[in-house]
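Here's a quick tour of the ligand sites in this model, with a pocket and a couple of single residues thrown in. Keep the viewer open while you read.

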Amino acid sequence: MEGLKTQVAIIGAGPAGLLLSQLLHLVGISSIVLERQTRPHVEGRVRAGVLEQGTVEVLTRAGVGARLENEGQRHSGFSISANSKTCRIALEDLTGRHVTVYGQTEVTKDLMAARAAADGELHFEVSNVELHDVESDAPSVTFSKGGVSHRITCSFIAGCDGFHGPSRQVIPRERKLEHERVYPFGWLGILADVPPCDEELVYARSAYGFALASMRSATQSRYYIQCRAGENVADWSEDRLWDEIRRRLGPDMASHVVTGPAVEKGIAPIRSFVCEAMQHGRLFLAGDAAHIVPPTGAKGLNLAVGDVQYLATAFDAYFNASNEAGLKRYADVALQRIWKTQRFSWMMTNLLHDFDDSDSFTQRMQLAELDDIFSSTAKQTAIAENYAGLPYDNILG
Ligand code: FAS
Ligand code: PHB
C-alpha cells in the first residue's frame, strides 16, 4: 500500500470538494482530493444555474471569479407566474442584492483549472474509497487506482462526496439524525442552444404542473417541468417536452419560447434531506453529502458553497492559529443556515407544484398563498431575502 500524507483528505471533486481544496491551498493547508469519476464526467454534469451574491464573493476570493465576472449574467429579479398573472420578485430593489446566472458546469471547470494551475493533488477514477479511524487523531483514507491500493494519512477528512457517497455512512446510526421528505415528482430538464424566452427566470405554476424557464446565456436555455417520480426520460420526445413547456408557461410566454435540439435532457429526483451530524470525530461533511434541497429555490450548489466557506475558515484557524472554535461550531452554525434554506426550498416547492394527492382545500391554499405574495411587498421581500441568499454567520464566534 503506497503511503500518501496530507492535512485534509477530501472525498469528492464536485463543487464542494474542489472549492474546499482551493480555499485551503490559498492559506497554505495541503489536501488530496479523491474522485470516482473522470474529470470530463464531473465537468460535464448539467446541474445548478443560479449563484447567490455570497457564492460569487466566495468564488472570487478563491481566485476563480474572472470568467464568472465576464460571462456570468447579473439578474436583479425573477418572476413567479400563476393563474395568468405574473409577479416579479425585484431582488435588488427589495434587498440590495442580486443573483448571477452561471452554470455549475462552468464553476466546476473554473475550479478544476485553478487546482491544476496550483498543482493540486486530485486523483480521478478512484475506487474502493474507505474512511478509517475517524474518531482518532490519526484518521486515514484508503482507495484503489489502476489496481494499486493507497492509504492517505491525514489530520482531517472532508466528506464532499454527495448524497450517495461513503462519508455519511461512516457516522454511526446512533450518532446522526436524518430528516427526509421525498416528493411525488421529479424535474425533467432540457438544455438547448436557443435564446431564452425571457430576460429573467420564470417559475410557473399551472393547472398542468410546474415549469421553470431558466438559462445559461443569451444563446442557451434551460427549462424544467415537473414530471411523475420514476418516469423514464426516454418516454419524453423533444417535441412532447417543448409542447408541455409551452403549455405550462401559458400563451404569452409560449410565444417567446424558441425550441431546438436537446444538448442535454434528464430527470432529477426531488427530495429534501438533512443529516444532523455534519461532524463525527475528524470527519466533516459538506454539501450534498450532508443535505439535499429541492431545486425550486436554486439552493443546492449555494448551500454547498456556504458549508465550504465555513469549513475552510475553521481549518485555517485550526492549522494557522491553533484555534479550534470554528471546527467545534461548524455543524451548529452550518445547520442553522441549512434549515432556513431547506424551509425556503420546501415552501417554494409546495407553493408551485401540483401534488397528485392534494385535495381542493390544499389547492385553494396554494392559490391564496400566491395571491397573497402577488399583492404583498412584505411577502415578496421575504422571498427575495432567501432567493438572493441568507447572510453567513461568523464561524469563529
Ligand atoms: P456533488 O454530488 O456535486 O459532488 C460529489 C462528488 O463526489 C461527485 O463528483 C461524485 O462523483 C463524488 N463521489 C461520490 N462518491 C464517491 C466515492 N465513493 N469516491 C470518490 N468520489 C465520490 N442544485 C441547484 O441549485 N439547481 C439545480 O438545478 C440542481 N440540479 C441538480 C440535478 C441533479 C441531477 C443533481 C444530482 C443535483 C442538482 N442540484 C441542483 C444540486 C447540485 O447542484 C448540488 O447541490 C451540488 O452538486 C453539490 O455539490 P457537492 O456537494 O460537491 O456534491
Ligand atoms: C437552472 O438554471 O438549472 C436552475 C435555475 C433555478 C432553479 C433551479 C435550476 O431554481
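How many residues surround ligand 2, and which are the closest? The count is 15, and Tyr203, Ser214, Arg216, Tyr224 and Pro295 are the closest. Bear in mind that this is a predicted model.

**Ligand 2**

Start with the side chains. Ser214 puts a polar side-chain atom 2.6 Å from an oxygen atom of ligand 2, and Arg216 has a polar side-chain atom 2.7 Å from an oxygen atom of ligand 2. Ala298 joins in through its backbone, with an N or O atom 3.3 Å from an oxygen atom of the ligand. On its own, ligand 2 has 280 Å² of accessible area, and the protein covers 97% of that.

As for secondary structure, β16 (209-217) and β17 (220-228) are the elements that give two or more residues to the shell around ligand 2. The largest share, 3 residues, comes from β16. Sorted by residue class, the shell holds 9 nonpolar, 3 polar and 3 charged residues.

**Ligand 1**

Now over to the other ligand. Ligand 1 is surrounded by 29 residues, the closest being Glu35, Arg45, Arg47, Gln104 and Asp288. Backbone atoms make contacts here too: Pro15 has a backbone N or O atom 3.3 Å from an oxygen atom of ligand 1, while a backbone N or O atom of Arg36 lies 3.2 Å from a nitrogen atom of ligand 1. A polar backbone atom of Gly300 is 3.2 Å from an oxygen atom of ligand 1. Taken alone, ligand 1 exposes 990 Å², of which the protein buries 85%.

Two helices to click on are α1 (15-26) and α10 (300-321), since each supplies at least two residues of the shell around ligand 1. That shell divides into 14 nonpolar, 8 polar and 7 charged residues.

Here are the ligand contacts mentioned so far, in one place.

| Residue | Atom of the residue | Ligand atom | Distance |
|---|---|---|---|
| Ser214 | polar side-chain atom | oxygen of ligand 2 | 2.6 Å |
| Arg216 | polar side-chain atom | oxygen of ligand 2 | 2.7 Å |
| Ala298 | backbone N or O | oxygen of ligand 2 | 3.3 Å |
| Pro15 | backbone N or O | oxygen of ligand 1 | 3.3 Å |
| Arg36 | backbone N or O | nitrogen of ligand 1 | 3.2 Å |
| Gly300 | polar backbone atom | oxygen of ligand 1 | 3.2 Å |

**The second largest pocket**

Next, the empty space. The second largest pocket has a volume of about 360 Å³. Its lining takes in 20 residues, and Ser81, Ser84, Lys85, Leu249 and Gly250 lie nearest the centre. The elements giving two or more residues to this lining are β6 (78-82), β7 (85-89), β15 (202-206), α8 (238-249) and α9 (251-254). By class, the lining residues of this pocket split into 7 nonpolar, 7 polar and 6 charged.

**Two single residues**

Is His123 buried or exposed? His123 counts as buried because its relative accessible area is 15%, with the cut-off set at under 20%. The residue sits in strand β9 (residues 121-123), and its side chain is joined to that of Glu121 by a polar contact of 2.8 Å.

Pro269 belongs to strand β18 (residues 262-275). Its relative accessibility is 63%, and exposed means over 50%, so Pro269 counts as exposed. Pro269 and Glu92 are 177 residues apart along the chain, and their C-alpha atoms are separated by 31 Å.

Key: Residues are numbered from 1 along each chain as its sequence is written. Chains are lettered from A and ligands numbered from 1 in the order in which they are written. This is a predicted model: local features need pLDDT of at least 70, side-chain atom pairs count only at pLDDT 80 or more; totals for chains, interfaces and linings use all residues. Side-chain values use heavy atoms; hydrogens and water are left out. On a 1 Å grid over the protein atoms alone, a cavity is a set of points where a 1.4 Å probe fits but cannot get out, and a pocket is an open set with protein on both sides within 12 Å along at least five of seven lines; lining residues have an atom within 4 Å of a point. Grid points are joined across faces, edges and corners, and a volume is the space filled by probe spheres set on the points. Helices (H or I, at least four residues) and strands (E, at least two) are DSSP runs, numbered from the N terminus. Ala, Val, Leu, Ile, Met, Phe, Trp, Tyr, Cys and Pro count as nonpolar, Asp, Glu, Lys and Arg as charged, and the others, Gly among them, as polar. A residue is near a molecule or strand if one of its heavy atoms lies within 4 Å of it. A polar contact is a pair of N or O atoms within 3.5 Å; within protein, one must be able to donate a hydrogen and the other to accept it, and residues adjacent in sequence count only if both atoms are side-chain atoms. Accessible areas come from the Shrake-Rupley method with a 1.4 Å probe; for residues, only the protein chains shown count as cover. Buried means under 20% relative accessible area, exposed over 50%, partly exposed in between (1.4 Å probe, protein chains only).
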